[in-house]
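Hello,

Here is the structure I promised to pass on. Please open it first, then read my notes below.

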Amino acid sequence: MSARLHAFANPARFLRLARRLLPWTAALAAICLAIGAVWGIGIAPPGKPPPEGQGETVRIMYVHVPSAWMALFVYACVAAASAAAIIWRHPLGHVLARAASPIGACFALLTLATGSLWGAKMWGAWWVWDARLTSVLILFFLYLGHIALTHAFDDPARGARAACILALVGVVNLPIIKFSVDWWNTLHQPASIIRREGPAIDAQMLAPLFFMICGFTFYFFSVWLLRARAELAALRTRALKLRLLAS
Amino acid sequence: MDGIGRFLEMGGYAAYVWPALGLTALVLAVLLIASVRNARRREAELAQLEAELGRGDEG
Amino acid sequence: MKAKTKRLFFVSFGLALLGGAVALALVALQDTVTFFFTPSQAAERSIPAGQRVRLGGLVEEKSIRKLADGVTIEFRVTDRSKAVTVRYKGVLPDLFREKQGVVVVQGAFQPDRTFVATTVLAKHDENYVPKELADELKKQGLWQHDKSKPAGK
């Protein structure tokens, strides 16, 4: 019985916090995305025209890089929530993991799609099986697997454990994605932002990119809170209905 | 060519740049709208059920 | 408390074990995971003629020429220690150029150790510099990325 009380006490506090945070994260997302989009697409200079540089296709960077960063970051969040659920039995763990993975799947898909459009013109191929692209495709499949497991059963608790294990196993893929361009010969270029020598992107392009990355991050937190609220409401509805049936 | 036309042309890469930007905007918008709708529906469902059950069922 | 510590230990241990296994597998499969071989790596492995491989490197300066048939392009791909002559018929990617541009050619070695490519891909580097700045640097002679003319000129 006490475990049950514990399970309800925490979500109530979380819901209060979510309600208070959501307007702020949503506003910050809107502001950052508006600034980043106008600056990046309209004002920032294009790259050198091909064959020396990427010309106007660098504008794809302003959506491709934030999507890729979020695809990794969201996965880390799913894994952290899963760890909290499986190790500490935190009642919110499953809810937060389940709420985040569809968002991560969208970001992974956008990474692949925008990268494909970019590569088609700059590399001369829509898709290649190099280590970077393949590991991001695997990340996308991990998200799909996680979504499938968390939604496969009517009782959300049943798939939850398997989903947790999948999420934790998939963590191995994150360093592979990040370092694939250093460990193997890939067609994808090495890191431009987080690298030992400092960013290799000119400040005029880095500034709008920074706003886009912040915007994507706040967007994720907003949608995550929203989806977690929905998940909690559904759980509570289910619990109430079950109790109604039992009595 | 005027400024808008040149902007839309994206240095000859319009067919690659605009779909990338458009797809991103579309996916993020659809995900947001779906999430807002779903949250509203689930919370309304819960509120209705709680109202039907009346008080005394807290916690 | 005890149970939590135990679970934490098992999860960390499991992940470390899994990470080690994956690392070993990737090291063992290195030749499969790698997208292309450099000319030196290709020579080291003495890849048989006719086997489909990808070869990557810089396009050697002043090596690009059109053959007598008017459609086949020949150039040399180098990693600065070894070079391979490549022949290719088809569309070149926008980023194809001499010296600075890394290209990845897909095809097969011929018995005479030249390479016939069916696909040419261009790799771009990690530097993002606006056009105006690059022009300015070039004017001042500080632009170290590009000292050669674009390909095909």
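C:Glu126 forms a salt bridge with A:Arg195. The closest N and O atoms of the pair are 3.4 Å apart. Please keep in mind that this is a predicted model. The salt bridge is the 1 that the rule finds across the interface of chain C and chain A.

Polar contacts come next. The rule finds 15 residue pairs in polar contact across the interface of chain C and chain A, both residues being at pLDDT 80 or more. Which parts of chain C supply at least two residues each to the side that touches chain A? They are helix 1 (2-28), helix 2 (30-33), strand 6 (115-123) and helix 4 (131-139). Helix 1 of chain C gives the most, with 9 residues. By type, the residues on that side of chain C divide into 24 nonpolar, 7 polar and 12 charged.

Now the extent of the interface. On the chain C side, 43 residues are in contact with 46 residues of chain A. The size of an interface is often given as the accessible area lost when the parts come together. For chain C and chain A, the buried area is about 3,800 Å². Carbon and sulfur atoms give 64% of that area. Which three residues supply more than any other three of the area that chain C buries against chain A? They are C:His124, C:Glu126 and C:Tyr128, which supply 20% of it. C:Glu126 is thus on two lists, as it is also the salt-bridge partner of A:Arg195.

One residue inside chain A is worth a look. A:Ala163 is found in helix 5 of chain A, residues 156-170. Is A:Ala163 buried or exposed? It counts as buried because its relative accessible area is 1%, and the cut-off for buried is under 20%. Leaving aside neighbours within four places in sequence, A:Ala163 is in contact with A:His146, A:Leu149 and A:Thr150. A:Leu232 lies 69 residues from A:Ala163 along the chain. The C-alpha atoms of those two residues are separated by 18 Å.

Last, chain B. Its secondary structure comes to 2 helices and 0 strands. Chain B has 59 residues, of which 29% count as buried. The chain exposes about 3,900 Å². Carbon and sulfur atoms supply 59% of that exposed area.

If you want one place to begin in the viewer, try C:Glu126 and A:Arg195, the salt-bridge pair.

Best wishes

Note on methods
Residues are numbered from 1 along each chain as its sequence is written. Chains are lettered from A and ligands numbered from 1 in the order in which they are written. This is a predicted model: local features need pLDDT of at least 70, side-chain atom pairs count only at pLDDT 80 or more; totals for chains, interfaces and linings use all residues. Side-chain values use heavy atoms; hydrogens and water are left out. Contact means heavy atoms within 4.5 Å. Buried area is the accessible area (1.4 Å probe) that two parts lose on being put together, summed over both. A salt bridge is a side-chain nitrogen of Lys or Arg within 4 Å of a carboxyl oxygen of Asp or Glu. A polar contact is a pair of N or O atoms within 3.5 Å; within protein, one must be able to donate a hydrogen and the other to accept it, and residues adjacent in sequence count only if both atoms are side-chain atoms. Helices (H or I, at least four residues) and strands (E, at least two) are DSSP runs, numbered from the N terminus. Ala, Val, Leu, Ile, Met, Phe, Trp, Tyr, Cys and Pro count as nonpolar, Asp, Glu, Lys and Arg as charged, and the others, Gly among them, as polar. Buried means under 20% relative accessible area, exposed over 50%, partly exposed in between (1.4 Å probe, protein chains only). Accessible areas come from the Shrake-Rupley method with a 1.4 Å probe; for residues, only the protein chains shown count as cover.
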